[in-house]
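Hi,

Here is the structure I said I would pass on. Have a look first, then read my notes below.

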Amino acid sequence: MSVLAPILALLLLAWCVAVLDAWMTTGRFRPLAPLTATLALVAGESLVPRKPDRLFFETAPILLLLAAVLAAAALPIAPHLVITDLATSALFVNAALAYVLVALLMAGWGPDGAYAMIGGWRFLGQTIAYSMLIVMPITAVAMRAQSLLTTDIVRSQAGLWNVLYQPLGFALFFVAAMAVSFLPPFDLPTASGELAGGVEAEYTGARRAIFRLGRTILIVSLATATTVFYLGGWLGPWLPPWLWSALKTLAVAAAMLAAGHAVPRLREAHLLAWAWKAGIPLAMLNIFLVGVLLLVIP
Amino acid sequence: MLARDLHAVTVPGPDVFSALGLDPGAVGVTYAATPRHAQVLVLAGPLPPELREAAAVAYAQMPRPRVILALGTQEFSPLPDPDVTGPASHDGLAQGLRRVRELLSRHAFSPEARAFEPAVLATRTEYTCPMHPEVVQDEPGTCPKCGMELVAREASGSSDETHHHTISHKDASAHDDHAQHEHRDDHGGHAENRTAEGATSYTCPMHPEIVQDEPGRCPECGMFLVPADSDEGAGSDTGHAPSHAHHQADSHPHDHDPDAGEVHEHGAGMDFMSMVEVTKDLPRGRDGLPMDRIDVPFGPLFPGLPGGLLLTLTLAGDVVARASARTLTGPRSALPEPGMPAARFIEHLASLDPLTPTAYRLLARRALEAASGSTPSAHQQRARLAAAERERAASHLGGLAQLARQVGLPWLERRATRFQLTLIHGDHDALALLARQSVALRTRLERTPLLAARLMHVGALSPADGLRGPVARAAGMTTDARTHDPAYAELGFEPVLHQGGDALTRLHVRLEEITRSLRLAEAAGTLTMPADFDTHAAIGDAIGDAIGDAIGDGQAVVETPRGEACLQVYLDGGLVTRARLDTPSAGHLTLLPELLTDLELGDALVAAGSLDISPWEASVS
Amino acid sequence: MSALQLAFVTFFGLAAVWFALVVFRTSSMMRSALALLFSQTALGALFLALQAEFLGVLQIMMMATEMSIMAIFMVMFMMDPGGLGQMDMTHQKRLSIVAGVVAAAVVAVVAVLTPWGAPATSIPNPSEQLQGLGRELLGRSMLVFETAGITILTAMVAATAVAMPALQRRRER
């Protein structure tokens, strides 16, 4: 029971995010779309490229799904609705997210195709850009909570949500979260205009269904992480805690999906330059400011 | 089965589809990023043979269930016969797609499904020597030059050097590189050739631990053994340019040292080759890094590039080391058979480029009038102006949609495509509204964050002879054939000029031209009916009367949306005997290889797209 | 140590060794790099099984990115990254075997002969470990860690700075 409920909640949120994504892309609201799409994929043919690295080709979607689920496992939806409650949960989320990179590298190398390979290596470049930006705001959040336990982090926001306490950290984490889940404008690995689908291009059938499921759960995990770290998790009046969590998570996911439609894909050189020359100093500034606030405000 | 979104691979591509007035988005079909994610292959209009081959390759990559929908296409080989056919109109598309959905849901897995194996995808095994890649045989054996056993590798069935596949041939190139690399790697082996002094012993260049007293073959690899104190052994007569030079450079210490006995006396550098030395002569890219290179084809059915354009980029990492471009839109001729009647000639020229038929119809008409000495009336001239300007705006909007596909701006793609289709299907009253909307679009684009950063300094071209059209005007060249046209001067026409010559400037030029063209078309005020009907009425279908039995030659120049096109015709008794056509895209195509070198991949694709090349025009001989 | 814990420790230890062997047995550069990655992940999981939570999570997190960066360098510069050719990629076989055996012997001797002290009967829970670690990092070991951190940062900046004039020189050539 204690593990099943969070997993079901995760799947339900993933369903909602998939419907949202389809609505934003095509303009049609179809609540049953994830089910029909998955059935269509699983019932269709599953093609394998001619000379793949079979091990990587098969493992990549599963690893992506696993990484996303593990990241979500350490995040609480309600005070006792969390799969694992490690003392280093906030760091564990980041550790799980690092395997998204490994999964995409495998997906790039596996099919023995140039588009996939370039997409995979580009994602590595993207990782070098976002990896600092996603960890340093977590540091500032943990400083306020004086603990790495995600439940403690939520409880520390009872007075004031972190989005207001550390808005700079929120902005950086939000952008870095979009980059982790390779959402546009950070969709360098799966660019349709430049790489004809990139890492996702060679997957068909059931493997593609797993890949897409993994990607959707990744978006949900990152939205949940943003909610837990910055938007007060389950805190809020009147409604039950899990509903607050779900609403906030969906709002963040919608914002992530929508933000990319207005901006063209970033050039990799620009992404790296801005992340390192602007992003990291700002993240350090954020840590400094939070430190000052913590010392000054009793 | 429940209704769902269909993904379609479109041949020739979204640009031609929009130009023909087909809107898959309106009937719930999206353009697929890759054939593997598509369920339906849609063909529109007559397709040249190479494009059909490309479509066959795409079809072979689609997972089942898959359906072919042909709109107005007659010839299909090597594709199988289509499952659904229809006319090349939006209604035809809508009805066809309805039938496609029925097919997919009811007959998803037909019992008599056969594997689709077109000849173009057939591969055969050939055998090559790792040390001598030029030695290629069809059966296993040994290399005549060095005696090594030949290694199997896959090659495409067709013997052309250009592959029509949309998947890369990483295997083939990996083998080539492997052959070179293997050669380089046995430096350590070479250095240990000298073992005993005095006696002649024989050793294998690749396996230095094999030492024999008499000549023969190496038991490990089958190569002929070489004398232990010889220079390079069998490896010296190879055609590996970089590694060969390296060989020679490195072997000098061996030569000049008469006491070369034990290899260890030469110091630690001999039997361990550092990566710096091994890669000393490798070609280096813009970053200064010697990286492995792969040849990747982009096109002809690539989302974000014009349909029918095949860019083969040699990538070192994600930087383009070399580029070559070619068109797959088949040999097109301005005059397929001499002695064509004038009316048919005009229609033939209009069919040359499905993206801008009106401009070429106009060009043919003008050339014929110049040859026969007739002049059109003022009313006709204004009608032609309106039709041409309307098409210019539509063409630039198509270019905007392509940029949006490349760069990842879905709202721009939707908006530009909708504009283009409204323009094609709409009437005169729509023009005023569209002019205002184009200004709004331009403002919104200028306010799009990061778009300028994305396009700035990409694909910069300085003024040169080969540039025409918006590409030239963006570079500051004042070339516009419309400045010499009195009908345009009457309406106060001025060409759009900018400085800069990069992709961003070209975008601005095209945006400005859209607004001006729409205003010109509206001011001409003669058209009251949708565009495709208008062009016939505007240009005048009574060409036969105007020309009669004229004899002469004439030349005409028209500013097509992509630049100046020039046509020379020779008339003899009302029949066209000779014609020569010069199109802007042909010149722009030759600029691509140099333009794309040393650009990052995304920038290279944006640069190629910003030239707005029409492969149909470019393949006119 | 409970039996379950012992089982996990053994399993992850053996997995780490097995992946490390795969690193050298495969000729594909990519598989080699990712096998090393998973070997380090197994080590991180081993730390988790030994209830060193922060260390385990840190190991898992850092090694993923680090080994991936190693993978791209291997693919960029090594010949035949796919391992499809029948090339022998080993150099200096005798020297490396000797060096490997000697190093293993030294490590084994150190592991066996060092007086580690008696095994602890109780360990602080992970939260207390974290707090203790924090106090240690900012207390007694502050000098060590800060110096190490600044040194690494300096090395990164210096490497980038060194590369750039070389680029300019090459362009001028």
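**What I found**

First, the confidence. This is a predicted model, where local features need pLDDT of at least 70, side-chain atom pairs count only at pLDDT 80 or more, and totals for chains, interfaces and linings use all residues. Residues are numbered from 1 along each chain as its sequence is written, and chains are lettered from A and ligands numbered from 1 in the order in which they are written. Chain C has a mean pLDDT (the predictor's confidence in each residue, from 0 to 100) of 87, with 88% of its residues at 70 or more. For the complex, the predictor gives an ipTM of 0.91 and a pTM of 0.84.

Next, chain B. It holds an open sheet of 5 strands (DSSP runs of E, at least two residues, numbered from the N terminus), in the order β2-β1-β3-β4-β5 and with parallel pairing; strands pair if DSSP finds at least two bridges between them. β2 (29-31) and β5 (84-86) of chain B each have a single partner strand, so one side of each lacks a neighbour in the sheet. Between β4 (residues 67-71) of chain B and β5(B) there are 3 bridges, and B:L71 has B:G86 as its bridge partner in β5(B).

Last, the meeting of chains A and B: 38 residues of chain A are in contact with 39 residues of chain B, contact meaning C-beta atoms, placed from the backbone, within 7 Å. By class, chain A's side has 16 nonpolar (Ala, Val, Leu, Ile, Met, Phe, Trp, Tyr, Cys and Pro), 12 polar (the others, Gly among them) and 10 charged residues (Asp, Glu, Lys and Arg).

Cheers

Notes:
Contact = placed C-beta atoms within 7 Å. Helix = DSSP H or I, 4+ residues; strand = E, 2+ residues; numbered from the N terminus.
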